[in-house]
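Thanks for making the time this morning. I would like to walk you through some aromatic rings and then the pockets of the structure on the next slide.

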Amino acid sequence: MRLILRNSIFLIFLFTGTVLFAQYPLIQTTRSYSDDLFKQQQQETESWYYNDARGISTPPLSIYRYKTREEDSLIMIAASFNLPVDTVATINGIENMTEFKAGVELIIPSAPGLYLYKESDSSWITSLRHDLEGMDTIKLVLFKNGKRVEVEYYQGVNLPAAYKTRFVLPLFASPLDKRTITSVYGFRNHPVTGKWQLHTGTDYRAALNSPIYSCADGTVFSTGELEDYGKFVIIKHRNGYSSLYSHLDMILVSKNQKVLEGDMIAKSGNTGISTGPHLHFEIRQNGSPVDPENLLLKDRQ
C-alpha cells in the first residue's frame, strides 16, 4: 500500500484489487510548471508511457482534480495532461463532446486507459464492454462529485475507432491523398537520437514528391527550414488552430499567403532529421499539440 500526504490530503492506493480514493489534490493550472501538482502529474504520466513502452512494471496510479475554464476544450485538456481524449472522457463519465462544460471539476489520472463506470446503462458503453470482452481490468472505487463510483479500468487501452467520434468532431481534411501511419502521436524513443520524448504529431508514409495539401482554410504563418523539421510550412486556421507540415522537399506557398482546404502547399521529402521520405504532420490549438488523428476526416481517395 502506498500512502501519500500532500497539503493535508490523503490518497490511499492498494496496488491490487479495489482502490479507494478520498479527496484528490487540485491542479490549479496547466499553463506552466509553476504548479507542482501539474508537474508531478506530467512526470508520473511520462513514466507510465516510458515503462509501458519497455514492457516493464508501470508506476502506481494517482488521481488529481482540475477545474475547467472557459477557454478549455476536451481535446486541449487531454493534450495538456498527455492523455488520450478517451481517458479524460471516460473517467469523468462524459458521454459525448457536447457534455463538456466550463467551471466543473474533472478527475485527471496519471495513466491512460478506459475507465468505465460499472453502473452506466448507456447503450454505447454496453456495446463497448462487449467489444472489450476478455481484456484484463482493474476494479477501482473513485470519489467523484461527493460520491463513490465503481469503475472498471482497462489499463492503456484506447477506444476503438467506431467510438472516438463521440468525443471529437473531425475539423480538418487529410494532408495526403491516403494516410498510412508510421509513427503515432505520443511519447516514444526518437528513431534517430534515441531520446525519450513526446512525438508532437503523426508521421505518415509519403513517397518522395507526394503532394501535400492544406488541411483547412487559413493563412501561411511561416515557411523555412530547421535542423530537426527540415523544410516546413505552418498554417494558421480559425479558433486558435494551426497545422505544421515538415520534412518537405519543395515548398509551394509563401508567408502570409491565403490558402484553402485542399490547396497543394508542398511536396513531401526527406529533409531534416529523418529516417526516410515521410510527412510529419502536427495540429496545435492555442499552441498545445493535439493528436491529429482525432481531428482528421477520412482520406481524400
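**Aromatic rings and pockets**

Phe187 counts as buried, because its relative accessibility is 16%, and please keep in mind throughout that this is a predicted model. Trp196 is buried as well, with a relative accessible area of 13%, and together Phe187 and Trp196 make a stacked aromatic pair, with 6.0 Å from centre to centre and 15° between the planes. Ring pairs also join these two to Trp48, Tyr49 and Tyr50 in a cluster, and over the face of Tyr50 we find Arg54, at 3.5 Å from the ring centre.

Across the whole structure, the search finds 11 aromatic pairs. Another of them is formed by Tyr245 and Phe281, whose rings are tilted, at 5.3 Å centre to centre and 50° between the planes. This pair links distant parts of the chain, since Tyr245 belongs to strand E17 and Phe281 to strand E20, 36 residues apart. Tyr245 is buried at 0% relative accessibility, and Phe281 is likewise buried, with a relative accessible area of 0%.

Turning now to the pockets, the largest holds about 890 Å³ of space. Of the 36 residues that line it, those closest to the centre are Pro84, Asn158, Lys164, Tyr185 and Asp291. Helix H1 gives the largest share of this lining, with 4 residues, and by class the lining has 21 nonpolar, 8 polar and 7 charged residues.

The second largest pocket has a volume of about 420 Å³, and among its 23 lining residues Arg188, His190, His199, His247 and Ile273 are the closest to its centre. Its lining divides into 6 nonpolar, 13 polar and 4 charged residues.

How values were computed. Residues numbered from 1 in each chain as written. Predicted model: local features only at pLDDT ≥ 70, side-chain atom pairs only at ≥ 80, totals over all residues. Heavy atoms only, no water. 1 Å grid on protein atoms, 1.4 Å probe; cavity = no way out; pocket = protein on both sides within 12 Å on 5 of 7 lines; lining within 4 Å. Points joined across faces, edges and corners; volume = space filled by probe spheres on them. Helix = DSSP H or I, 4+ residues; strand = E, 2+ residues; numbered from the N terminus. Nonpolar A, V, L, I, M, F, W, Y, C, P; charged D, E, K, R; others polar. Phe/Tyr/Trp six-rings, centres within 6.5 Å; stacked < 30°, edge-to-face > 60°. Buried < 20%, exposed > 50% of the residue type's maximum accessible area, 1.4 Å probe, protein only. Lys NZ or Arg CZ within 6 Å of the ring centre and 35° of its normal.
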